[in-house]
Amino acid sequence: MKGLRAVVVCLVVASTAVMPPVAATAGTPAAPVAPSWSVLPVPPAAAPPVTVSDLAARGPDEAWATGYERTDDGMRPLLYRWDGAEWSRDASFPGAGEPGRLGRAQFVGEEVWIFHNRAGEGEILRRTAGGWSAVPLPRTLWTYQDFTAVPGGAWVVGEDETGLKVLHHDGSGWTEQSTPDGVGYLMGITARTAADAWAWADTATGAAILRWDGTAWRDAKVPLPPDGGVDAILLEPSGRVTIGGSRYEDGAPRPYLTTRNGHAWRTTHPALGATHIKDMVRGPDGALWLPVVSDRAFRSKYARVDGPRATFSYGPERTNAIEVAPHALTRAGSSLMSFGTVEIYGSKPNLTSERLGGRS
């Protein structure tokens, strides 16, 4: 009898497991549906392949994406605007039809600032309610590595024939800033305020983090992993700093995150696979989100890092795609938005955008 009872119980459990979920009855709220990624159509560039530089959003109704396309005459700048309903190409800025490329985009108060390499000459594009204008750099550099801007301060880093250059704009004019001895190259820069900027540098002893305190650039003494490179720094209003990079192990990159939330630094190695950290953003859910290399050629892939744990989500399936690559990621209100490229079999990579969550 006990054996028969056990069999009956097992059959009941098994049949329950395969039954479809029962619809919510009146007065019983349905279980919440997790948001999923959706495609936001982007007008294609005229001359693929294209390169995406940056994506910045002020909220659900305004975002800007930058990059460049490759024409027979060289690189041409690309600028796209999201108005809350659709992406459109903007060609109204100075030099839009000339050789060049667009880099980092930043919101500075009510304005949009974008770095513009205009046929080798550097300038800052500024968009106000009255339209676009350009702020030329005080000198021409061989390379323009990065740019950042906040109210009251902007920086351009690069090199010329005399070496490393840090150009600083204080709202009224340009000056050159010096860096600590032993710094050979600045790979990137970002800022939280005019008196709190961070840069990642290449030095004689490896990668290092520098910090501007309103008076001078100093070594921030961040304990980076040995032989690790730095790819990005995320500064948050709360004071939290997250540094993303990787080090090579057995011929493949192993990503790491070094975070300071208070006074102590902590390094973790989330299981992100063999990927470089292109971009990272704090999502509406409080977790860290990153675009990563996908193991499915026809779908994009994103990592959600919460403490030491990493989980993943995929974008929509793209017919005949051989690579879907989100290059930049940003928060847009209560949603996340990406901008990147999609390569369809038989064609060159062109532009694409995706969003996690709806418009709110």
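**Entry 1: nonpolar cores**

I began with the largest nonpolar core, which has 18 residues; L55, A63, Y80, W87, M337, F339 and L351 are the members that touch the most others. I note here that the model is a predicted one. I then looked up which elements build this core: strand 2, strand 3 (62-71), strand 4 (74-82), strand 26 and strand 27 (335-344) each give two or more residues. Strand 2 provides the largest share of this core, with 4 residues. I also found a second, separate core of 15 residues, and A191, A197, A199 and A201 are among its members. As background, I recorded that nonpolar side chains tend to be buried together in soluble globular proteins.

**Entry 2: the largest pocket**

I turned next to open space. How much space lies in the largest pocket? I read a value of about 1,700 Å³. Its lining consists of 49 residues, and D54, R104, Q106, T190 and D279 are those that lie nearest the centre. I sorted the lining by residue class and obtained 27 nonpolar, 10 polar and 12 charged residues.

I then asked which strands supply at least two residues of this lining. They are strand 2 (50-59), strand 6 (100-108), strand 10 (143-150), strand 14 (183-193), strand 18 (229-235), strand 22 (281-282) and strand 26 (321-332). Strand 2 gives the most, with 8 residues. I marked strand 2 for a second look, as this strand also gives the largest share of the largest nonpolar core.

**Entry 3: the second largest pocket**

The second largest pocket holds about 240 Å³ of space. I counted 13 lining residues, with R240, T259, R266, R282 and G307 nearest the centre. Strand 20 (252-260), strand 21 (265-268) and strand 24 (301-306) each give two or more residues to this lining. By class, the lining of the second largest pocket divides into 3 nonpolar, 6 polar and 4 charged residues.

**Entry 4: residue E249**

Last, I examined a single residue, E249, which I located in strand 19 (residues 241-249). Is E249 buried, exposed or partly exposed? Its relative accessible area is 32%, so I entered E249 as partly exposed; the class runs between the 20% limit for buried and the 50% limit for exposed.

I looked for a partner of the E249 side chain and found a polar contact of 3.5 Å with the side chain of R254. I also took a long-range reading from E249 to T71: the two are 178 residues apart in sequence, and their C-alpha atoms are 38 Å apart in space.

Note on methods. Residues are numbered from 1 along each chain as its sequence is written. This is a predicted model: local features need pLDDT of at least 70, side-chain atom pairs count only at pLDDT 80 or more; totals for chains, interfaces and linings use all residues. Side-chain values use heavy atoms; hydrogens and water are left out. On a 1 Å grid over the protein atoms alone, a cavity is a set of points where a 1.4 Å probe fits but cannot get out, and a pocket is an open set with protein on both sides within 12 Å along at least five of seven lines; lining residues have an atom within 4 Å of a point. Grid points are joined across faces, edges and corners, and a volume is the space filled by probe spheres set on the points. Ala, Val, Leu, Ile, Met, Phe, Trp, Tyr, Cys and Pro count as nonpolar, Asp, Glu, Lys and Arg as charged, and the others, Gly among them, as polar. Buried means under 20% relative accessible area, exposed over 50%, partly exposed in between (1.4 Å probe, protein chains only). A polar contact is a pair of N or O atoms within 3.5 Å; within protein, one must be able to donate a hydrogen and the other to accept it, and residues adjacent in sequence count only if both atoms are side-chain atoms. A nonpolar core is a set of buried Ala, Val, Leu, Ile, Met, Phe, Trp, Tyr and Cys residues joined through side-chain atoms within 4.5 Å.
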